[in-house]
Amino acid sequence: MTHPLKRRDFLLAGGAAALLTGLALRPSAPALARGAAATEVLTGPAFGTTWTVRLPTGKAAPVPRIETLLAGIDAQMSPWRTDSRITALNRAKAGRHPLSPELALVTGAALHLAEMTGGAFDPTVGPAVARWGFGPIAKGAQGWHGLSVDGESLHKAEAPLTLDLCGIAKGRALDLMATALLEAGQTDFLTELGGELIARGAHPSGRAWRVGVEDPRPGTEGLAGSIKLDRAVATSGIKANGYSLGDRRYCHIIDPATQTPVPGTPASVSVLASDAMTADGWATALMAAGPDGPALARAQGIDALFLFDDAPGLRAVTTGAVDYRPA
C-alpha cells in the first residue's frame, strides 16, 4: 500500500508542469506534442500519485529498480505512515538518533535550505500544516534550529520537535529515478513524479523538451505558458490541495513565520535546477516567502518563474535563466 508522501496534492500540484501539447492536460498525465516521434510510456503508482517515464520507442526502463527505490523513500520519509522511519524519529525523545544514508542526505539538505532561506523553508512546520488540515503531524514543536545532522545521525534538542520532509523528498525520489535511467544506458528521456519532471537529452522528434505550465488560478483551465526544460522543474501553487472559505483561498503551503497558509501571492512558483530535490525545496520555500519570493530567488541565484494573479490576467516574473513563453 502506498501513502501520500507530500502534503501537496500529488495528482495535480497547482501550476505544475505538463508536457506541452497545445491542449490543457493534467500534469499527472503528460502527452507528447502532436506529430512527435513514437515513444515508450511506462507508468506506475507512488506516494498516492503516479510516476511516468517516456523513452524513444524500443528503449526499456528499469521498472523493478524504480519501484524499489520509490518504496524505499516512502518507507523512510512518509509522515503519513505509522511505520516509517520519520514517524519513529518524530516520536523519539531528545538526543541522537541513527539515520540511513538516504535519510541523512535529505534531512541535511532540508536543514541547509532552511538556513539559506532564513526559515522560509522549515522542515519542522508539520504541526502547523496539520492544524490547517493538510498533514498528519498533529502534535509537536516548530523550530528547525533544534535539529542537526552529524554524519548519519539526527540530533533533537527537544523531544517535541518533529521533522517533515514533504517539501523536498519527492524531488529526491525523482532524482533517484533519473539516476536509475542513466545507469541503465538511457540518455533521452522525460521522467515525471506527481507533477515534477526531469528531462535529459532530446525530445523524440530531435528538438529540446518544452513543458507547459498550468494556469494556477483556482477555477481556471488551460496553460499559462511554456518553458524549455533540460534539467529538473518543480512547482508549488494554490490551485490544488486547498479549500476556499468566503473570498479567501487556503492552500497547503504554510508560512513558517505566521504558521498560516500563504495568501496566494504569488499564485504559483516553478523552479528549475540541476536536480529535482533542489527544485522541489526551493519551489516550496519561494511560495512560502510570498511577495518576497522574487527578491529571495535573485539573492540566491535561483532560476524561477513566478505567476501572480493580477486580475484580470496573470503577471509573470522570472529570475535567472528561465526560457518562458506566455500562452
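The legends below describe close-up views of a predicted protein model. Local features need pLDDT of at least 70, side-chain atom pairs count only at pLDDT 80 or more, and totals for chains, interfaces and linings use all residues. Residues are numbered from 1 along each chain as its sequence is written, and side-chain values use heavy atoms, with hydrogens and water left out.

**View 1. Overall content of the protein.** The protein has seven helices and 19 strands; helices (H or I, at least four residues) and strands (E, at least two) are DSSP runs, numbered from the N terminus. Of its 327 residues, 56% are buried, meaning under 20% relative accessible area with a 1.4 Å probe, protein chains only.

**View 2. An open sheet of eight strands.** The strand order is 2-3-7-8-11-16-17-18, with antiparallel pairing; two strands pair if DSSP finds at least two bridges between them. Strand 2 (39-46) and strand 18 (313-319) are at the edges and have a single partner strand each, so one side of each lacks a neighbour in the sheet. From one strand to the next, the twist averages 15 degrees.

**View 3. Strands 16 and 17.** Five bridges join strand 16 (residues 268-273) to strand 17 (residues 303-310) in the antiparallel sense. Ser-268 has Leu-307 in strand 17 as its bridge partner.

**View 4. Helices 6 and 7 across strands.** Helix 6 (residues 276-288) lies across strand 8 (196-200), strand 11 (232-237), strand 16 and strand 17, at about 25 degrees to strand 11. Helix 7 (residues 293-300) lies across strand 17 and strand 18, at about 20 degrees to strand 18. Angles run from 0 to 180 degrees between N-to-C directions, with axes fitted to C-alpha atoms, for helices over the stretch in contact (heavy atoms within 4.5 Å).

Technical notes
Buried < 20%, exposed > 50% of the residue type's maximum accessible area, 1.4 Å probe, protein only.
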